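User: Please take a close look at one part of this model, the first helix, and then go on to a few other places that you can describe. Plain wording will do.

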Amino acid sequence: MPPRKAPTARQRRVGAELRKMREHAGLALGEAATLLGTDRTTISNTESGRFGVSGERVRQWATHYACPDTHYVDALAAMTEERIHGWWEDYRNDLSSGVLDLAELEHHAVALRAVQIMHMPGLLQSEDYARAVFEEAVPPLEPAALRRRLSHRLRRRDVLDRVTPPSCTFLIHEAALRMEFGGRAVARTQREYLLKQMDRDNVEVRIIPFGAGFPNAGSSTLYAYGPVPQLDTVQTDIPTGPTFLDAETRLSNYRAVLDRTQERSLSPAKSADFIRQIAKQA
């Protein structure tokens, strides 16, 4: 099969997990090639995501690598068998691959936990608020590009309306509540929209007041839970776009950071009261 020109983050992740599996088995590329009856190039391209792989082959390789975790192997095989054309592919020619990978990550996650410092989480943004955030982009977006970014941002929210939506916990700093993207009226409408989203059974919002302190200050983080812990993913925002992390040590560290952040946050009920209090002051 011809190699993929630009594998998605999810496709690269499948390959990376196969590489981890091989390395945990203590096999070099050449040894694995002999064991599997293939060549080093095929294994290398598969592990980089440039070659696709079937669920059957994932199970075959896992057997040869003596991987003992059947739940992990089943989940990894299932990742290869989901041949969907996600809605985000409609934006492939307009938006960066990182933005599209984020939508795909949210689509497949069984649960999400996000931390935001300066603005509302993307999944909880009203249309006017999202537009105001994009209008702050540097360099400024052309009108057509802004419309496509806004359209994509709003479609991401559909994940909350699925028959079986992910369970979501959003940790929002007080600074994000008080920032007035688009002006006072837009900010007020956004707070009202946020309160409505908190009525969803699958959405929990917790506010971190200024006085609570903040671990890992200066970054926004999304932790997407996979079907098994080994397939969790962390997404962080940097000026050049989304970054995706899946090394076991980093996953563990980010879980610890999120646990500490959540411990300092207000309960959902107190968070709703806090939002209403700020709304009255605005």
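Analyst: The length of helix 1 is a good place to begin. Helix 1 covers residues 9-24, which makes 16 residues, and at 1.5 Å a residue these should span 22 Å. The C-alpha atoms at its two ends are 22 Å apart, so the expected and computed spans agree. All of this refers to a predicted model.

Next comes the burial of helix 1. Its buried residues are A9, R13, V14, G15, A16, E17, L18, K20, M21 and R22. Charged residues are included here: R13, E17, K20 and R22 are buried in helix 1, and Arg, Glu and Lys count as charged. In an α-helix there are 3.6 residues a turn, so residues three or four places apart point the same way. The buried residues of helix 1 pack against several partners: helix 2 (29-36), helix 3 (40-47), helix 4 (55-64), helix 5 (70-81), helix 6 (97-108) and strand 5 (233-238). Just after helix 1, G26 has a positive phi of about 75°.

On the other side of helix 1 in sequence, P3 lies in the segment before it. P3 has a relative accessible area of 39%, so it is partly exposed. Apart from neighbours within four places in sequence, P3 is in contact with R50 and F51.

A second residue with a positive phi is A66, where the value is near 60° and the residue is not a glycine. A66 sits in the loop between helix 4 and helix 5, and helix 4 and helix 5 are among the elements that the buried residues of helix 1 pack against. The relative accessible area of A66 is 60%, so A66 is exposed. From P3 to A66 there are 63 residues in sequence, and their C-alpha atoms are 27 Å apart in space.

Another part of the model offers a pair of helices. Helix 10 (residues 184-197) and helix 12 (residues 268-281) pack at an angle of about 165°, and their axes are 10 Å apart. Angles over 145 degrees count as roughly antiparallel, and helix 10 and helix 12 are therefore roughly antiparallel to each other. The crossing of helix 10 with helix 12 is left-handed. On the helix 10 side the contact is made by R191, L194 and L195, and on the helix 12 side by A272, I275, R276, I278 and A279. Sorted by class, this contact has six nonpolar residues, two charged residues and no polar ones.

Terms used: Residues numbered from 1 in each chain as written. Predicted model: local features only at pLDDT ≥ 70, side-chain atom pairs only at ≥ 80, totals over all residues. Heavy atoms only, no water. Helix = DSSP H or I, 4+ residues; strand = E, 2+ residues; numbered from the N terminus. Expected span 1.5 Å × (residues − 1). Buried < 20%, exposed > 50% of the residue type's maximum accessible area, 1.4 Å probe, protein only. Contact = heavy atoms within 4.5 Å. Axes fitted to C-alpha atoms, helices over the stretch in contact; angles between N-to-C directions. Parallel < 35°, antiparallel > 145°, perpendicular 65-115°, else oblique. Left-handed = near helix turned anticlockwise from the far one by under 90°.
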